[in-house]
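User: Please take a close look at one residue in this structure. Then link what you find to the rest of the chain.

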Amino acid sequence: MLFNSFEYVLFLVLTCSAFWGLVRYRLLRTVMLLLSSYVFYMSWNASFLVLIVGSTAVDYCVAIQIYKSERPWQRKALLAISLTLNLGLLGLFKYADFAVGAFVETASLFGFALEPTYLHLVLPVGISFYTFQTLSYSIDVYRGTLKPTRSFLEFATFVAFFPQLVAGPIVRASEFLPQFDKDPRLRTHQVGEGLFLILCGMMKKVLVADFLAIRLIDRVFENPGTFSSAEVWFAVYAYTWQLYGDFSGYTDIARGSARLFDFELPRNFDRPFQTTGPIEFWRCWHMTLSRWVQDYIYIPLGGSRISPLRSYANLFFSFVLIGVWHGAGWTFVLFGIWHATGVTLNRLYRSLRTSKEPFRGWKKWLSMLVSVHFFVIHWPIFRSPNVERMMEVYEQMFAFSGASMRVDGWVWTVFIAVSVVHFTPRLWVPKVQSFFVSLPAFAQAAVVTAIAALLLYVGSEQAAPFVYFQF
């Protein structure tokens with residue numbers, strides 16, 4: 001059930017109607033929201049519901065026992081159970097075949113010819129996201145920064161809440177569970193905010209991401225040798241906006257959907273390509289993932305409190321882990337190394353700068369230009385299905401085989417429009433949102449109808465999956 005489909009719109013309307021019909025009954029509305037989330041998840045693959053329910057049950061029980069236990073070794077053992085189960089399932093489904101292949105390839109370098117046995121397991125949708133959510137809950141209870149909830153229904157709803165279940169943002173229990181304690185209220189401005197976010201997400205997905213992918217990017221990456229170097233370069237530049245439109249569009253729809261239930265989800269993007277370097281970029285791109293890795297990986301390893309060499313090593317390791325989190329393959333390892341190197345060099349440069357003042361004027365624009373190209377250059381690593389295709393794309397990019405540009409005018413229009421919009425001041429979007437929210441209901445309905453008609457006209461007959469569904 002894709003967000004950018006009529007089925008989801010109908011599902012959201014029905015679920016919202018049922019939720020507000022039961023708003024006075026906390027238990028019933030929670031049960032309804034949990035069951036709806038499970039129905040949403042089963043629309044992808046019903047058999048994987050066992051995994052998410054099992055993970056939920058284990059972490060719920062483990063957290064309570066950790067909180068009750070006064071013996072350090074028992075608390076560590078219980079936490080180990082949670083880590084082993086969650087990371088074990090994630091490793092089995094996501095990394096088992098890659099590990100087997102890597103082992104066989106390594107053995108061949110030493111003269112051993114082994115026949116690999118692959119499991120070919122289907123990756124459960126959203127497992128990377130809900131695994132990190134449940135892990136953070138157990139770890140926070142272990143650290144003593146969070147008390148475990150006594151309501152299994154509310155904890156299960158936190159894990160499976162359908163707007164953010166499949167592709168984030170990664171929500172922590174400390175952010176979500178306290179929202180159950182307030183009485184939900186259906187306010188006019190809240191509905192307006194939710195609709196505005198959903199409309200923004202839909203436009204980013206359909207008018208930007210899917211349009212650029214279908215009209216150019218997919219064809220170039222499928223067979224880069226049939227395109228000129230200029231066309232491949234343009235497709236790589238355009239992929240910047242496809243990926244951003246796709247992933248931030250999903251987040252917008254997720255946050256907007258949650259607002260309709262009077263839940264607040266954390267922001268995941270904040271104009272990432274207006275940043276002046278990799279460090280600042282990761283504070284504005286997939287913010288919930290970078291904060292998760294910082295709080296549960298980098299800082300526990302010592303953070304910046306230890307020797308500079310170890311601190312840089314921990315930083316490098318954390319970003320390689322971010323790369324591998326995205327997928328099982330050598331391209332994702334390279335993706336992690338690329339960002340680890342960029343962040344490490346960026347931090348080293350900051351430490352050597354004599355002036356600690358942020359860049360301003362032409363220096364800021366120059367830094368933004370360099371930063372954007374740091375990411376543009378590496379997109380073939382992230383987008384290509386394997387190393388061989390990645391090398392084909394790079395070979396064609398740097399072959400400078402031709403300057404022909406078989407790109408239609410609408411692709412140019414979307415590319416230029418989205419580039420201009422992204423670099424407008426940050427305050428413009430909140431002002432537009434406030435204007436939309438202030439409109440009377442009939443005017444909001446007219447805007448929604450007009451945009452829906454545009455999306456139906458431009459969109460393909462079959463809704464395209466979101467990029468981060470594969471992670």
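Analyst: Start with His286. His286 sits in the loop between helix H11 (278-281) and helix H12 (287-298). A helix here is a DSSP run of H or I with at least four residues, a strand is a run of E with at least two, and both are numbered from the N terminus. This is a predicted model, in which local features need pLDDT of at least 70 and side-chain atom pairs count only at pLDDT 80 or more, while totals for chains, interfaces and linings use all residues. Residues are numbered from 1 along each chain as its sequence is written, and side-chain values use heavy atoms, with hydrogens and water left out.

Now look at the backbone of His286. Its phi is near 45°, which is a positive value in a residue other than glycine. Is His286 buried or exposed? His286 is buried, because its relative accessible area is 0%. The cut-offs are simple: buried is under 20% relative accessible area, exposed is over 50%, and partly exposed lies in between, with a 1.4 Å probe and protein chains only.

A second histidine makes a useful contrast. His120 also has a positive phi, near 55°, and it too is a residue other than glycine. His120 lies in the loop between helix H4 (72-109) and helix H5 (127-143). Yet His120 is exposed, with a relative accessible area of 62%, whereas His286 is buried at 0%.

Stay in the loop of His120 for a moment. Leu119 lies in the loop between H4 and H5 as well. Leu119 is partly exposed, with a relative accessible area of 46%. What does Leu119 touch, once neighbours within four places in sequence are left aside? Leu119 is in contact with Leu92, Ala96 and Asp97. Contact means heavy atoms within 4.5 Å. Ser174 is another matter: Leu119 and Ser174 are 55 residues apart in sequence, and their C-alpha atoms are 37 Å apart in space.

Go back to the helix on the other side of His286. Ile297 is found in helix H12. Ile297 is buried, with a relative accessible area of 17%. Not counting residues up to four places away, Ile297 touches Trp292, Phe317, Ser318 and Leu321. Ile297 and Glu222 are 75 residues apart in sequence, and 36 Å apart from C-alpha to C-alpha.

Next comes a helix that brings in other parts of the chain. Pro380 lies in helix H16 (residues 379-383). Ile381 lies in helix H16 too. Pro380 is buried, with a relative accessible area of 0%. Ile381 is buried at 7%. Beyond four places in sequence, Pro380 touches Phe221, Val236, Met390, Val393, Tyr394 and Met397. With those close neighbours again left out, Ile381 touches Thr331, Leu334, Phe335, Trp338, Met390 and Tyr394. Met390 and Tyr394 appear in the list for Pro380 and in the list for Ile381.

Distances add to this picture. The C-alpha atoms of Pro380 and Thr331 are separated by 9.0 Å, with their positions 49 residues apart along the chain. Ile381 and Val236 are 145 residues apart along the chain, and their C-alpha atoms are separated by 11 Å.

Does the whole chain follow this pattern of distant partners, or how many of its contacts are long-range? Residues 24 or more positions apart make up 77% of the contacts with a separation of 6 or more. Of the 471 residues, 52% count as buried.

The overall make-up is quickly told. The protein has 20 helices and zero strands. Its radius of gyration is 23 Å, close to the 23 Å that the globule rule gives for 471 residues, so it is as compact as a globular protein of that length. That radius is taken over C-alpha atoms, and the rule is 2.2 Å times the number of residues to the power 0.38. The C-alpha trace spans about 65 × 65 × 55 Å along its principal axes.

Last, the cysteines. A search of the whole structure finds zero disulfides, a disulfide being a pair of cysteine sulfur atoms within 2.5 Å. Why does Cys16 have no bond to the closest cysteine sulfur? That sulfur is in Cys200, 18 Å from the sulfur of Cys16, which is too far for a bond. Cys16 counts as buried at 12% relative accessibility, while Cys61 counts as partly exposed at 44%.
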